[in-house]
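Grab a viewer and work through the exercises below at your own pace. Each one has a task and then a stepwise solution.

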Amino acid sequence: MSYLPATLNLRDEDITALITEYKEYHASPELSLQEFETTRKIRERAENLVLAPGVEREIVPIGETGTVVILRNGEGPVVAYRADIDALPILEQTGLDYASEARGVLDGEDVAVMHGCGHDTHIAMGLKTMDLFARDAESWAGTIEFIFQPGEEGKDGAKLMVSQGLWQSVPRPEALYGQHVFPFTAGTLRVTKNEVTASVDSLKVIVKGKGGHGSQPQDTIDPVILSAYILVRLQSVVSREVGPLDSAVVTCGYLHAGKKENIIPDQAEFRLSIRSASQKIREEVLHKVIRIIRSECQASGADEPEIENYHASNIVMNDVALSEKLTETFTQELGEELVTFDPDYRLMGSEDFGELGDAANIPYTFWMLGGFSDEHLNAEVPISNHSPFFAPLPDPTLSVGVRAAAAAIYSHVRKD
Ligand SMILES: [Zn+2]
Ligand SMILES: [Zn+2]
């Protein structure tokens, strides 16, 4: 069973090199928008590609840590594939011999860094897919763009690349693809259509109180109590103001006020992560959240709060025709047992992949790649992305991911 021509197949030595390269990236993660060494390696790797006669390569840096590698092979369609490259402030606890010991600086603080979301698999798979097309001039014609995107983890790297002139610097593709490794059976694929991920809005809120002595609350406006009221009441947005069949999440993952128990501080800061499953719900929930924050401040006699939406991503909305065709392509390449088309499959997590396509009205599909063993999946605490134990199985995850990426690209640039 195969969709890809023999010239685009992975050889044994490719699989070995793919796993080795993956482990190198796993051991040297870098935080969002600080992917300097990662980017240097990706660009160097693209410089050293083995090119079949006729295949041309162009390396287009976008900003400091964004890169597009373009392969051209005569006239034909343009297609793009994206891999995100950043890692997270997590102390790795996998115990693997290639585990990360890297450190980074986050908001001025020294932190452990780990590829806890599998973007290292995305880099390695992107590079290997690039190898396959670079060394084969016979089976395809057109232009392939490999987008290595920084800052996916909460730093709006996709929007940044767009604002730095991505689609002015490279030809607009007729389709854009991307994949993400997730905790389900290693080497299997899941494709869905329409909404794939939720939107995210990250709000930074500073409520203004009036500080004073802890023994004289009557002379203060206590921003701690005020924040507590707001945060409890915000939980009623989803439970009381959003319809039971609609989905949204309002989480407060950061709350800070004060220095000492006997001083009532003059302000408090909290940060919210709001996820919504549709654009309509997104607008409604944001409106309600802001209404509650402002009203509670007013109820406490506090000044207007500062509210900043500092990180936002659209819903990843898979193109229906592209997703259905992709499922057929994957099934031909990998066989029915490894490919699931599930139109109801949804994630409340978020991804900024959609921003790349939305910015230039490019149809896109983002699929999920399973990367874990039964042992991981059935563990007492099930594995999840962003866990310190997140370690995809290199084999067969990586080679299936490369075959999927290559098949998606090939479906646009095949010669016959
Ligand atoms: Zn992540
Ligand atoms: Zn991720």
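## Exercise 1: the zinc pair

Cys-117 is buried, with a relative accessible area of 8%. Keep in mind that this is a predicted model.

**Task.** Work out which residues coordinate each zinc ion, and which residue bridges the two.

**Solution.**
1. Start with the zinc ion (ligand 1): its donors are Cys-117 (SG), Glu-153 (OE) and His-386 (NE2), at 2.1 to 2.3 Å. Along the sequence, these donor residues are spaced C-x35-E-x232-H.
2. Two of those donors come from distant parts of the chain: Cys-117 sits in the loop between β5 (109-112) and α3, while Glu-153 is in the loop between β6 (142-149) and α4 (157-163), 36 residues apart. Both Cys-117 and Glu-153 are buried.
3. Now take the zinc ion (ligand 2): Cys-117 (SG), His-119 (NE2) and His-180 (NE2) coordinate it at 2.1 to 2.5 Å. The spacing for this site reads C-x1-H-x60-H.
4. Cys-117 turns up in both lists, so check the definition: a donor here is an N, O or S atom within 2.8 Å of the metal. Cys-117 therefore bridges the two zinc ions, which are 3.1 Å apart.
5. One more check on burial: His-119 has 0% relative accessibility, so it counts as buried.

## Exercise 2: an acid in a helix

**Task.** Is Asp-131 buried or exposed, and what does its side chain pair with?

**Solution.**
1. Find Asp-131 in helix α3 (residues 119-134).
2. Its relative accessibility is 12%, and the cut-off for buried is under 20%, so Asp-131 counts as buried.
3. Its side chain makes a polar contact of 2.8 Å with the side chain of Lys-128.
4. Leaving out residues up to four places away in sequence, Asp-131 touches Arg-45 and Leu-49.

## Exercise 3: a four-stranded sheet

**Task.** Put the strands of the open sheet in order, then say which helices pack on it.

**Solution.**
1. The order is β12-β14-β10-β15, with antiparallel pairing.
2. β12 (248-257) and β15 (306-313) are the edge strands: each has a single partner, so one side of each has no neighbour in the sheet. From one strand to the next, the twist averages 15°.
3. Zoom in on β10 (residues 199-208) and β15: seven bridges join this antiparallel pair. Leu-203 stands opposite Asn-309 in β15.
4. Helix α6 (residues 223-241) packs on the sheet, touching β10, β12 and β14 (267-276), and its direction makes about 170° with that of β12.
5. Helix α7 (residues 279-299) lies across β10, β12, β14 and β15, running at about 10° to β10.

Note on methods: Residues are numbered from 1 along each chain as its sequence is written. Chains are lettered from A and ligands numbered from 1 in the order in which they are written. This is a predicted model: local features need pLDDT of at least 70, side-chain atom pairs count only at pLDDT 80 or more; totals for chains, interfaces and linings use all residues. Side-chain values use heavy atoms; hydrogens and water are left out. Helices (H or I, at least four residues) and strands (E, at least two) are DSSP runs, numbered from the N terminus. Buried means under 20% relative accessible area, exposed over 50%, partly exposed in between (1.4 Å probe, protein chains only). A polar contact is a pair of N or O atoms within 3.5 Å; within protein, one must be able to donate a hydrogen and the other to accept it, and residues adjacent in sequence count only if both atoms are side-chain atoms. Contact means heavy atoms within 4.5 Å. Donors are N, O and S atoms within 2.8 Å of the metal (3.2 Å for Na, K and Ca); water is not among the atoms, so sites may look incomplete. Two strands pair if DSSP finds at least two bridges between them. Axes are lines fitted to C-alpha atoms, for helices over the stretch in contact, and angles run from 0 to 180 degrees between N-to-C directions.
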